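Let's take a look at how this chain packs its nonpolar side chains, and at what goes on around its rings. The coordinates come from a predicted model.

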Amino acid sequence: MILAGVDGSDTSWRAAAYAAGLARRQGSLLALVYVQPTLAAAAALGAPVAGTTEEVAEELVAEIRRTAEQLRGMFDVRWEFHTLHGDAYSGLVQAAQELTADAVIVGASEQAGHRFVGSVAVRLVKAGRWPVTVVP
């Protein structure tokens, strides 16, 4: 089973397309995983931003599902879609363990700050539990 982390970014769509091609060639199941971020601090303070963020996340999930359907037609691959809540790294690790992933495919981070604190992709590679491919 090939796991691809998706979050709506251009690099995550490229990672999903790469993973779909890999899954098709290997006859593997493709699991598209979206980890919905939680705003624990904002929710704890009762900030109205939390509700808005939930709406945005739901729209993103709908877009990911639409794009996943498009990938399905292009690549003729068996696939599943999973949504988890939490931070991206922990969510992808949890999904990879529970789904017994053979490989994890993620897009390179587009955020400048990750050069200093490390991206999800770098953390997955350092974990060394699965082969990880980082798609630019």
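A charge counts as sitting over a ring if NZ of Lys or CZ of Arg is within 6 Å of the ring centre and within 35 degrees of the ring normal. In this predicted model, R123 does just that: it lies over the face of Y89, at 4.1 Å from the ring centre. How many aromatic pairs does the structure hold? Zero.

Y89 belongs to helix α4, where the buried residues are Y89, G91, L92, V93, A95 and A96. Those buried residues pack against β1, β2, β3, β4 and α6. Right after α4 comes T100, with a positive phi, near 45°.

Now for the cores. In general, nonpolar side chains of soluble globular proteins tend to be buried together. The largest nonpolar core here has 21 residues, and I2, V6, L30, L32, F81 and I105 touch the most other members. These elements each supply at least two residues of that core:

| Element | Residues |
|---|---|
| β1 | 2-5 |
| α1 | 10-26 |
| β2 | 30-36 |
| α3 | 49-75 |
| β3 | 79-85 |
| β4 | 103-107 |

The largest share, seven residues, comes from α1. Apart from this core lies another one, of 17 residues, including V93, A96, A121 and L124.

Back to L30 for a moment: which residues does L30 touch, not counting those up to four places away in sequence? The list is I2, A4, A19, A20, A23, V77, R78, W79 and E80.

How values were computed
Residues numbered from 1 in each chain as written. Predicted model: local features only at pLDDT ≥ 70, side-chain atom pairs only at ≥ 80, totals over all residues. Heavy atoms only, no water. Core = buried A, V, L, I, M, F, W, Y, C linked by side-chain atoms within 4.5 Å. Buried < 20%, exposed > 50% of the residue type's maximum accessible area, 1.4 Å probe, protein only. Helix = DSSP H or I, 4+ residues; strand = E, 2+ residues; numbered from the N terminus. Contact = heavy atoms within 4.5 Å. Phe/Tyr/Trp six-rings, centres within 6.5 Å; stacked < 30°, edge-to-face > 60°.
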